[in-house]
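Colleague: I am new to this model and would love a close look at one part of it. Could you walk me through a sheet and what packs against it?

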Amino acid sequence: MAIIKAEKTPDRSAPVSETSVMGWLHKNLFSSAFNTLLTLFTLYIIYLTASGVYGWGLRDATFAAENRRECYDYSLTGACWAGVIDWLDNIFYGRYPREEIWRINFGGLLLALWMAPLWMGRVKGKVLVGVTVVVFYPFLAGYLFSGGDKGFFMQVMVTGAIVAFAINMANMITGLTKNMGLNAFIIQMLEQGKAPDKTQRNILLLLLAIAFAAAFVWQVNWTVEGVSWTKWGGLFLTLVISGIGIASALPGGIILALGRRSKLPIVRVLSTGFIEVFRSVPLITVLFMATTMFPLFMPEGFVLNKLVQVIIAVILFNACYMAETVRAGLQAIPKGQFEGAHTIGLGYWGTMGLIIMPQALKHMIPNIVGSFIGLLKDTTLVSIIGLFDILGMLRSISKDVPWLGLHKEPLVFGAILFFIICFSMSKYSRHLEVKLSAGHKH
Amino acid sequence: MSDAQTKGQLASAISSEVMIEINQMNKWYGAFHVLKDINLTVHKGERIVICGPSGSGKSTLIRCINALEEHQEGDIIVDGFKLGKNLKNLDHIRTEVGMVFQNFNLFPHLTILENLTLGPVWVRKMNKADAIETAMKYLERVKIPEQADKYPGQLSGGQQQRVAIARSLCMSPKIMLFDEPTSALDPEMIKEVLDVMVDLADTGMTMIVVTHEMGFAKTIADEVVFMDEGDIVERNNPDAFFGNPEHERTQKFLSQIL
C-alpha cells in the first residue's frame with residue numbers, strides 16, 4: 001500500500017439545499033409534483049380554518065353589549081363575547097362575595113411567592129420550601145378562603161404557615177442578596193459563627209419559638225368573614241380541587257407503589273387491591289360513590305361537606321393512577337442500583353429516598369405531568385354532581401336571562417383557558433426534563 | 001502485565017483471626033441447586049481468588065457473603081456475626097463488607113464526591129466535612145481526585161470502577177468482595193483497575209476476588225479456589241494451583257484459559 005493522501009483535506013461549505021430557506025422548502029415541501037399538490041391543498045385547508053375562526057371570533061364579533069339581542073343587532077355571524085365578558089368574575093370566582101374576592105387573589109399571590117424560591121438558583125433549602133408549602137399552605141389558604149372561627153388545631157396550623165412563610169421570604173432575601181441561607185445569616189449577625197453546632201442550633205430553635213409565639217398571639221385577633229363552600233366556584237374551585245389533588249396524588253401514589261412492590265404480602269395485596277379497584281371504575285362513579293354512598297358508612301351525625309368528599313374521591317382516584325406511573329418508573333431502575341445501595345449499608349428507606357426515587361422521578365416527569373393535566377381536566381366532572389366549577393359556570397351563562405342560549409362562546413373561552421393552563425404545564429415539564437438530564441447523561 | 005503484577009507475589013498478611021466462616025452452605029435458585037456443601041474459611045488479611053467456568057456459582061457465593069442473596073442451608077459467619085433472619089446482624093454485615101460489581105453500580109444522579117460521601121454521611125452518621133476529606137483521600141488513592149465533581153456518566157469504565165472501589169473503601173470495610181471487576185472493561189482499562197486492587201491488597205485488606213485475570217491472581221492471591229457446578233473443587237496456593245493442578249476439571253479449565 002502506498003500513501004493515498006499526503007495532505008489533510010480542507011472542509012468545504014455544504015450545498016445550498018442543506019442551509020438556505022429555499023433549499024429547505026424545495027427539499028421538504030416541493031420535492032415532487034404530488035408533494036407540491038399536497039402542500040398547496042394543506043395550505044388551502046389551513047386558510048379556510050384560520051379565516052373562518054378569525055371572521056367569527058374577531059372580525060364579526062361583539063365585545064360590548066347588554067344582552068344577546070344587541071349582539072345579534074350588531075352581527076349575525078360573529079361571536080358574542082360580551083356575554084363571556086359580563087360573566088368573567090363568575091367564571092373565575094364563582095359566586096364568591098364580590099367584596100371578598102381579594103382573599104382568593106391574595107391566596108394565589110401567597111402561593112406564588114411561597115413557591116418562587118424553588119426557581120431561584122441562589123436560594124438554599126429548596127426541599128424545606130417544598131415541604132412547608134405542602135404541609136402548611138393548605139391550612140392558611142383554607143382559612144383565608146373559608147374564613148369564620150378557627151379551632152385550636154387550625155390556629156396552630158395557621159400560625160405555623162405564617163411563620164414558615166415569613167422564614168421562607170427572609171431566606172429568599174438573604175439567599176438573593178448575601179448568597180447564604182437564613183440560618184447562616186442569623187448566626188453571622190449574632191457573631192456566633194465560632195460557637196459549637198449545638199449552641200447554634202439552640203439559638204435558632206429559640207428564635208423559631210419566639211417567632212411562633214408572636215405569630216400565634218397576632219393571629220388570635222385576625223379573622224376574616226366566613227364564606228360557605230357552596231359559594232365557591234368557577235376556575236377558583238377547579239384549581240382548588242385539582243391543586244389539592246395534584247399535591248396529594250404524588251405522595252399517595254408513591255406510597256401505594258411502594259406498597260405494591262413490598263415484600264410483605266399483606267401490604268402488597270392491600271395496595272394492589274386498592275389500586276385495581278379505583279383504576280377499574282370511572283371517576284364519575286367514584287364521585288357519586290363519595291357523595292351518596294360514603295355518608296351511609298359513616299356513624300350517625302358525622303357530616304362531611306360535599307366539597308371535602310369530592311376532594312377525597314379525586315385524591316384517591318388519582319393516587320391510584322399515579323401509583324402505576326410511579327411503579328413503571330421504579331421498574332426502569334436497574335437492579336444494580338439497589339445492590340449498590342445495599343453494599344454501602346443503606347436500608348430500605350435510605351435506598352428508596354436517596355437512590356431510587358430521585359432517578360425514577362426523573363424518568364416519570366412526562367407521565368406525571370400527563371396525569372396532572374388529566375386530573376385538571378377530569379375535575380370538570382364535579383359539575384355533574386352539582387358543584388359550580390368552571391364548566392358549571394360556563395354552562396350557566398346560557399341560562400342567564402340576558403344571555404339565554406349562549407352556549408358556543410363560553411365553551412370556546414373555557415377551551416382556550418384550559419389550553420393555556422395545560423400547555424404551560426406541558427411546556428414546563430419539557431423544560432424540567434431538559435434541565436434535570438443536563439447534569440448527568442448516561 | 002502491569003508493573004505491580006510483574007513484581008511478583010505480594011507479602012502475605014494473614015493473621016489467625018477468622019473473618020469469614022462458611023459451613024456446609026447450600027443454596028438453590030428455585031429448584032436449581034447452585035451451591036453445594038460449601039466450606040470456606042477466610043482469615044483476616046487473607047486474599048482469596050475464586051475462578052471457574054461461567055455458571056459455576058462463584059458470583060453467587062460472594063453475593064451470599066454480604067447477604068445480597070439468601071442461602072437456604074448451613075451457616076455463614078462474617079466478622080463474628082451469623083447471617084440469617086436477624087436484621088441487626090444484616091445491617092452490621094452490610095456496612096463491614098464492601099463490594100465491587102462488574103457493572104460498577106455507581107449512582108448516576110450524584111456526582112463522584114456525592115457517591116463517595118453518601119454512605120459515610122447517612123449510614124455511618126459522619127460529619128459532612130470529614131466525609132468529604134475521607135472521600136478525597138480515597139479518590140487520591142485510586143488516582144482520580146480531579147474527577148470529584150463530575151457525574152459517573154462522564155467517566156471512562158476504568159475510572160468508574162476505581163470510583164466504585166473508592167466508594168466501598170469510604171465505608172472503611174473489614175472485607176472487600178470483587179465480582180469480576182474487570183469483565184466489563186475495555187482491555188486498555190483493565191490494568192488501571194488491577195493496579196488499584198494490587199495496592200489495596202498491599203495494605204492488608206481481606207479480599208475475595210472473582211476474576212478471570214490469572215496474572216493478577218498469581219500476584220495477589222494467598223489461595224486460589226476453583227469452583228465448578230456449585231462445588232469447590234480445588235483450593236491451593238497460586239504456585240501449586242497454576243503449576244500443578246490436581247483435579248482433572250481444574251486441569252481442563254486451566255488448559256482452556258491459559
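Modeller: Happily; here is a tour of a sheet in chain B. This is a predicted model, in which local features need pLDDT of at least 70, side-chain atom pairs count only at pLDDT 80 or more, and totals for chains, interfaces and linings use all residues. Residues are numbered from 1 along each chain as its sequence is written, chains are lettered from A and ligands numbered from 1 in the order in which they are written, and side-chain values use heavy atoms, leaving out hydrogens and water.

In chain B, six strands make an open sheet with mixed pairing, ordered β6-β7-β8-β3-β9-β10. Strands here are DSSP runs of E with at least two residues, helices are runs of H or I with at least four, and both are numbered from the N terminus; two strands pair if DSSP finds at least two bridges between them. At the edges lie β6 (97-100) and β10 (231-236) of chain B, each pairing on one side only. From one strand to the next, the twist averages 20°. Such angles run from 0 to 180 degrees between N-to-C directions, with axes fitted to C-alpha atoms, for helices over the stretch in contact.

Now look inside the sheet. Strands β7 (residues 175-179) and β8 (residues 206-210) of chain B run parallel and are joined by five bridges. One of the bridge partners to find is B:I208 in β8(B), which faces B:L177 in that pairing. Helix α7 (residues 187-202) of chain B packs on the sheet, touching β3 (47-51), β7 and β8 of chain B, where contact means heavy atoms within 4.5 Å. The direction of α7 makes about 150° with that of β8(B).
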